[in-house]
Amino acid sequence: MKIIMLGAPGAGKGTQAKMIAEKYHIPHVSTGDIFRANLKEGTPLGKKAKEYMDKGALVPDELTVEILLDRVSRDDCAGGYVLDGFPRTIPQAEVLDEELTKLGDHVDFAIDVDVPDENIVRRMSGRRACLKCGATYHIEHIPPKKEGICDNCGEPLVLRDDDKPETVQKRLTVYHEQTAPLIDYYTKQGILRTVDGTKDMKEVFSAITGIIDQN
Ligand code: ADP
Ligand code: ADP
Ligand code: ZN
């Protein structure tokens, strides 16, 4: 099973992808998490990615595609995976399709988590992230058990640099220009499914499992 999560920044892709990964026993592959892990380690990739991330821009396709293909070629991805935050451009989607076609394989579903822009900025200002394990919380909707501390690993939670309102606005513009065209791309392939991301996270998840289990 190969699933792609589409949606604006803050739509809930990561939240849902983690639940999908757990239920269907497939890895959750997030390019954003890979970049942030590299940033935290201070690797050259992390430093390069940060230049773009801090501006709310996309990391160049070449760099992103390389790390993604490397990740999905590992053994744990042999039985499928859920992609969160990739592809974000048409060229990224085309490379993924080409690589899968070479393997006689294909994407099963692209699930669009639909949330209007008005809701996004509010959601992002309440997002808190664990940079160690990648867990994500929301100060109102999905709070950690202990304020400011990750439930999984005890790390202090942070407001991501790129979740400040000015940067969120820019990321939304980038989303509409470069990523939203993927909705059309996967509609044409007949694999786009849309869920209402404004519902609470359990309802969104049951809509998604309904789609996957129907398969
Ligand atoms: P969000 O969860 O808010 O949608 P991500 O964690 O997926 O954000 O991504 C954070 C940032 O990392 C993006 O704004 C972008 O700079 C970079 N990034 C992540 N995935 C990609 C990608 N597929 N292509 C280009 N840049 C990416
Ligand atoms: P994305 O990966 O698409 O950027 P996240 O999964 O990180 O989005 O979610 C963005 C923020 O919204 C986080 O703070 C998360 O806890 C919260 N969130 C996720 N799903 C919902 C939901 N259905 N209702 C309310 N808040 C949510
Ligand atoms: Zn953690």
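**Ligand 2**

I began with histidine 138, where a polar backbone atom lies 3.4 Å from an oxygen atom of ligand 2. I note at the outset that this is a predicted model, and I read every distance below in that light. Two side chains also came up when I looked for polar atoms beside this ligand: lysine 13 places a polar side-chain atom 2.8 Å from an oxygen atom of ligand 2, and arginine 127 has a side-chain N or O atom 2.6 Å from an oxygen atom of ligand 2. I then looked up the cover, and found that ligand 2 taken alone exposes 570 Å², of which the protein buries 93%.

Which elements give two or more residues to the shell around ligand 2? I found helix H1 (13–24) and strand S6 (136–138). The shell counts 19 residues, and Gly10, Gly14, Thr15, Arg127 and Tyr137 are the ones that come nearest. Sorted by class, I have six nonpolar, eight polar and five charged residues around ligand 2.

**Ligand 1**

I went on to ligand 1, which is surrounded by 21 residues, the closest being Thr31, Ala57, Gly85, Arg127 and Arg171. Arg127 is thus listed among the closest residues for ligand 1 and among the nearest for ligand 2. For the polar atoms I recorded three entries. A polar side-chain atom of arginine 171 lies 2.4 Å from an oxygen atom of ligand 1, a polar side-chain atom of arginine 88 lies 2.9 Å from an oxygen atom of the ligand, and glycine 85 brings a backbone N or O atom to 2.8 Å from a nitrogen atom of ligand 1. Taken alone, ligand 1 exposes 550 Å², and the protein buries 97% of that.

By class, the shell around ligand 1 has eight nonpolar, six polar and seven charged residues. I also asked which element gives the most to this shell, and it is H2, with four residues.

**The sheet and helix H2**

Helix H2 (residues 31–41) led me to the sheet, since I found this helix lying across S2 and strand S3 (81–84), at about 65° to S2. The sheet is open and has five strands in the order S2-S3-S1-S4-S7, with parallel pairing. Its edges are strand S2 (28–30) and strand S7 (192–196), each of which pairs on one side only. Neighbouring strands are turned against each other by 25° on average, with direction ignored.

I checked one pair in detail: strand S1 (residues 2–6) and strand S4 (residues 109–114) are joined in the parallel sense over four bridges, and methionine 5 stands opposite isoleucine 111 in S4.

**Helices H7 and H8**

I looked next at helix H7 (residues 165–179) and helix H8 (residues 181–189), whose axes come within 5 Å and cross at roughly 35°. On the H7 side the contact is made by Tyr175, His176, Glu177, Gln178 and Thr179, and on the H8 side by Pro181, Leu182 and Ile183. These residues divide into four nonpolar, three polar and one charged.

**Backbone geometry**

Two backbone entries close the page. The peptide bond from phenylalanine 86 to proline 87 is cis, with omega near -5°, and proline 87 sits in the loop between S3 and helix H5 (90–102). Histidine 25 has a positive phi of about 55° although it is not a glycine, and I place histidine 25 in the loop between H1 and S2.

Methods. Residues are numbered from 1 along each chain as its sequence is written. Chains are lettered from A and ligands numbered from 1 in the order in which they are written. This is a predicted model: local features need pLDDT of at least 70, side-chain atom pairs count only at pLDDT 80 or more; totals for chains, interfaces and linings use all residues. Side-chain values use heavy atoms; hydrogens and water are left out. Two strands pair if DSSP finds at least two bridges between them. Axes are lines fitted to C-alpha atoms, for helices over the stretch in contact, and angles run from 0 to 180 degrees between N-to-C directions. Contact means heavy atoms within 4.5 Å. A residue is near a molecule or strand if one of its heavy atoms lies within 4 Å of it. A polar contact is a pair of N or O atoms within 3.5 Å; within protein, one must be able to donate a hydrogen and the other to accept it, and residues adjacent in sequence count only if both atoms are side-chain atoms. Accessible areas come from the Shrake-Rupley method with a 1.4 Å probe; for residues, only the protein chains shown count as cover. Ala, Val, Leu, Ile, Met, Phe, Trp, Tyr, Cys and Pro count as nonpolar, Asp, Glu, Lys and Arg as charged, and the others, Gly among them, as polar.
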